[in-house]
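Please take a moment with the sequence and the structure shown here before reading on. The paragraphs that follow move from a single residue to the strands, the helices and the interior.

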Amino acid sequence: MPRRKRIALIAHDNCKVEMLDWARFNVMTLAAHELYATGTTGALLANELGLSVDRFFSGPLGGDQQVGAAIAEGRIDFLVFFWDPLEPQPHDVDVKALLRIAVVCNVPTACNRATADFILSSPLTGEEYQPASSAYLGSATRGYRPEAGLNTG
């Protein structure tokens with residue numbers, strides 16, 4: 001991971017105020033990194049904090065899947081995802097898939113404010129960092145050669 005991290009920010013509707021409060025508290029640290037977010041969350045953060053935020057689609061419209069693809073492709077270094085565990089979501093399967101790919105790819109993931117504070121305040125956040133290889137990816141990508149296309153050999 002580079003010194004300047006690529007951070008994905010997502011908040012479900014009932015968690016957007018909490019995300020905004022957290023981002024306000026950490027605005028100086030966040031400003032030193034590349035920020036990505038799903039639609040409404042990204043607009044809220046950019047408008048309220050004046051930060052540059054690259055936006056994916058809204059979560060239910062494919063944004064969660066876009067973030068998951070970016071994680072799988074190595075374009076996101078960590079994920080802050082304030083999701084609402086008490087409210088059913090029409091795109092619950094996308095939420096589960098996003099959390100699964102974050103674990104599979106060994107991407108630090110914060111699903112609540114306390115964890116987000118710990119990750120963002122870690123000295124590793126401001127340094128180059130090489131995470132340990134994911135135990136899952138070793139077997140999943142064995143035989144894969146990008147130049148030859150997918151080879152499950």
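Is G59 buried or exposed? The model is a predicted one, and in it G59 counts as buried because its relative accessible area is 8%, under the 20% that marks a buried residue. This glycine is found in the loop between β3 and α4, and, leaving aside its neighbours within four places in sequence, G59 is in contact with T38, D64 and H91. G59 also shows how the fold brings separated parts of the chain together, for V95 is 36 residues away from G59 in sequence, while the two C-alpha atoms are 8.5 Å apart in space.

With that residue located, the view can widen to the whole chain. The protein chain contains seven helices and five strands, and, when read along the sequence, these elements follow the pattern β-α-α-β-α-β-α-β-α-β-α-α. Among the contacts between residues at least 6 apart in sequence, 70% join residues that are at least 24 apart. Of the 153 residues in the protein chain, 39% count as buried, and the accessible surface comes to about 8,600 Å², with 55% of that area belonging to carbon and sulfur atoms.

The strands can be followed by their pairings, beginning with β1, which spans residues 6–11 and pairs in the parallel sense with β2, residues 34–37, over four bridges. In this pairing L9 of the one strand stands opposite A37 in β2. Strand β2 in turn runs parallel to β3, residues 53–55, and three bridges join them, with L35 placed opposite V53 in β3. Between these two strands the chain passes from β2 through helix α3, residues 39–49, to β3, and this β-α-β crossover is right-handed.

Strand β1 also pairs with β4, again in the parallel sense, over five bridges, and here the bridge partner of L9 is V80 in β4. From β4 the pairing continues to β5, residues 109–110, over two bridges and in the parallel sense, where L79 stands opposite T109 in β5.

Why can β4 be described as largely enclosed by the rest of the structure? The description holds because five of the five residues of β4 are buried. Both faces of this strand are covered, with F78, V80 and F82 buried on one side and L79 and F81 buried on the other.

Helix α3, which carries the crossover from β2 to β3, has its own covered residues, since G39, T41, G42, A43, L45 and L49 are buried there. What covers these buried residues includes two helices, α1 (16–25) and α2 (27–30), together with the strands β1, β2 and β3. After α3 comes G50, whose phi is positive, near 70°.

A positive phi is also found at N106, where the value is near 60° in a residue other than glycine. N106 lies in the loop between α5 and β5, and it counts as partly exposed because its relative accessibility is 34%, which falls between the 20% and 50% limits.

The interior brings several of these elements together. The largest nonpolar core has 37 residues, of which L9, W22, I71, L79 and V80 touch the most other members. The elements giving two or more residues to this core are β1, α1, β2, α3, α4 (63–72), β4 (78–82), α5 (92–104) and α6 (113–121). One of the residues named, V80, touches I7, A8, L9, I10, M19, W22, A110 and A116, not counting residues up to four places away in sequence.

It remains to ask how far the prediction can be trusted along the chain. The mean pLDDT of the protein chain is 87, and 89% of its residues reach 70 or more. Over residues 141–146, however, the pLDDT is below 50, and this stretch has seven contacts in the model beyond near neighbours in sequence. The pLDDT also stays under 50 over residues 148–153, for which the model has seven contacts beyond four places in sequence. Where pLDDT is low, the predicted coordinates should not be read in detail.

Technical notes: Residues numbered from 1 in each chain as written. Predicted model: local features only at pLDDT ≥ 70, side-chain atom pairs only at ≥ 80, totals over all residues. Heavy atoms only, no water. Pairing = 2+ DSSP bridges. Right-handed = clockwise from strand over helix to strand, strands pointing away. pLDDT = per-residue confidence, 0-100. Contact = heavy atoms within 4.5 Å. Buried < 20%, exposed > 50% of the residue type's maximum accessible area, 1.4 Å probe, protein only. Areas by Shrake-Rupley, 256 points an atom, 1.4 Å probe, with all protein chains shown as cover. Core = buried A, V, L, I, M, F, W, Y, C linked by side-chain atoms within 4.5 Å.
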